[in-house]
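Please look over the sequence and the model shown here before reading on. The paragraphs after them lead from one pair of helices to the sheet, and then to the loops.

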Amino acid sequence: MRTRTIHSAQPSPGRRQWLRIAASMAALVTLGQRAGMALAQTPYPARPVRLIVPNAAGSSVDTIGRITANQLAVALQQPVVVDNRAGAAGAIGVDVTRAAPADGYTLMIASSSAISVAPLLQKAVSYDPLRDFEFISLMAVLPNVLVCHPALPVHTPAELISFAKARGGRTHMASAGIGSVSHLAGVALQNAGGFESLHVPYKGGSQGVASVVSGETDWVLTPAPAALGLVGAGRLRLLGHSMGRDAHPLPNVPSIAETLPGFEFASWIGLMGPKGLPASIVESLRTALATALQQPAVREAFEANGAVPAPSTPQEFRSHLVRDIEINRKAIQSAGIKPE
């Protein structure tokens with residue numbers, strides 16, 4: 001009886017090579033899937049967060065941004081590193097943020113001057129504030145304060161308006177420069193109050209406020225941090241603030257809206273990120289910011305700078321910006337300022 005031998009078929013060399021390649025590809029796919037799952041499961045943030053401030057160090061936006069960043073770092077349990085990118089009325093820092101990856105590790109302290117005003121006044125600005133960024137939350141609202149030289153015979157917004165009308169345009173309004181917040185706020189006040197003052201622009205807010213202190217000009221409607229210290233020292237007289245009638249950002253200081261119903265011209269600061277920031281990261285940041293704004297250290301620092309904490313939803317922030325852009329657009333048109 002013959003024994004039958006069965007020979008197992010062996011794959012050809014070409015087939016063996018193909019099988020090795022296929023096995024390697026399958027292993028790579030598995031590793032990629034595991035890496036992707038690990039990345040997806042990594043809690044945000046897993047490393048320090050960079051916070052772009054489109055203003056110079058020491059400005060009111062920078063001061064409030066740093067105060068908040070300290071507490072935001074505690075809430076996020078990661079360092080928050082402030083990166084000042086000043087220039088072009090804030091447009092440089094805004095562009096840095098727009099170009100950053102939408103991963104939550106580059107954010108921006110946005111302000112009304114850089115986001116609402118700069119696109120209206122600078123032809124070179126290419127960003128669209130309503131289209132190119134993700135809204136996270138408002139951070140603070142900053143009233144402008146109406147101040148005058150202490151020798152001026154006025155103590156309220158109504159008295160300043162009457163005084164200016166009686167002098168037939170021979171009063172002088174200071175500002176931080178053409179198109180600045182103090183310029184546009186002052187124009188809005190004149191339009192609402194039906195009076196005229198000669199506009200005297202200076203190179204910066206501190207110089208404009210100093211001109212009122214010296215008596216070179218009569219009044220200015222300027223961001224609160226620029227004037228409150230001088231008011232406390234008796235070198236300026238505080239007449240009113242520019243937030244709504246029901247707002248009380250400063251003790252015992254009336255709203256201009258009590259004299260001119262509906263008048264409001266306040267600055268704001270908010271947290272924004274590059275377009276495409278995932279909704280989960282937006283919500284994590286919004287929640288962390290709301291927690292930071294509740295801390296006593298933040299509230300005390302805000303109060304010292306005349307700022308009012310204003311946490312919001314992303315949609316509330318967007319709606320606030322839409323309204324602010326329109327207010328500034330009208331003031332720019334009234335002032336006859338053309339984009340350059």
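At roughly what angle do the axes of helix α4 and helix α11 cross? In this predicted model, the axes of α4, which covers residues 112–121, and α11, which covers residues 314–335, cross at roughly 45 degrees and come within 10 Å of each other. Because angles from 35 up to 65 degrees are neither roughly parallel nor roughly perpendicular, α4 counts as oblique to α11. The crossing in which α4 passes α11 is right-handed. On the α4 side, the residues that meet the other helix are Ser112, Ile115, Ser116, Val117, Leu120 and Leu121, while α11 contributes Leu321, Asp324, Ile325, Asn328, Arg329 and Ile332. Taken by character, the residues of this contact between α4 and α11 comprise seven nonpolar, three polar and two charged.

From these helices the reader may turn to the sheet, which is open, has six strands in the order β2-β1-β3-β10-β4-β11, and shows mixed pairing. Its edges are formed by β2 and β11, the latter at residues 308–309, and each of these has a single partner strand, so one side of each is left without a neighbour in the sheet. Strands of a sheet pair through backbone hydrogen bonds, and they may do so in parallel or antiparallel fashion. Here the parallel case is shown by strand β1, residues 49–53, and strand β2, residues 80–84, which are joined by five bridges; within this pairing, Ile52 has Asp83 of β2 as its bridge partner. The antiparallel case is shown by strand β3, residues 106–111, and strand β10, residues 267–274, which are joined by four bridges, and here Ile109 has Leu271 of β10 as its bridge partner.

How is the path from β1 to β2 made, and with which handedness? Helix α2, residues 60–76, belongs with the two strands to a β-α-β unit, and that unit is right-handed. The same sheet also has a helix across several of its strands: α9, residues 279–293, lies across β3, β4 (133–142) and β10, and runs at about 10 degrees to β4.

Helix α2 and helix α9 also pack on each other, at an angle of about 120 degrees and with their axes 8 Å apart, an arrangement that makes α2 oblique to α9. In this case too the crossing is described as right-handed, with α2 passing α9. From α2 the residues Thr68, Gln71, Leu72, Ala75 and Leu76 meet Leu285, Ala288, Leu289, Thr291, Ala292 and Leu293 of α9, and the residues of this contact divide into eight nonpolar and three polar, with no charged ones.

Another helix that α2 approaches is α10, residues 296–304, and what is the angle between their axes? The two axes cross at roughly 175 degrees and come within 9 Å, and α2 and α10 are therefore roughly antiparallel to each other. This contact is made by Ile64, Ile67, Thr68 and Gln71 of α2 together with Ala297, Val298, Ala301 and Phe302 of α10. Six of the residues in the contact of α2 with α10 are nonpolar and two are polar, while none is charged. Thr68 and Gln71 of α2 are thus listed in the contact with α10 and also in the contact with α9.

The loops hold some further local features. In the loop between α1 (13–41) and β1 is Pro45, which is joined to Tyr44 by a cis peptide bond with an omega of about -5 degrees. The loop between β2 and α3 (91–99) contains Ala88, a residue that has a positive phi of about 55 degrees although it is not a glycine.

Which residues does Gln122 touch, leaving aside those up to four places away in sequence? Gln122, whose place is in the loop between α4 and β4, touches Ala88, Ala89 and Glu340. Although Gln122 and Glu340 are 218 residues apart in sequence, their C-alpha atoms are 5.2 Å apart in space.

Note on methods
Residues numbered from 1 in each chain as written. Predicted model: local features only at pLDDT ≥ 70, side-chain atom pairs only at ≥ 80, totals over all residues. Heavy atoms only, no water. Pairing = 2+ DSSP bridges. Right-handed = clockwise from strand over helix to strand, strands pointing away. Axes fitted to C-alpha atoms, helices over the stretch in contact; angles between N-to-C directions. Parallel < 35°, antiparallel > 145°, perpendicular 65-115°, else oblique. Contact = heavy atoms within 4.5 Å. Nonpolar A, V, L, I, M, F, W, Y, C, P; charged D, E, K, R; others polar. Left-handed = near helix turned anticlockwise from the far one by under 90°.
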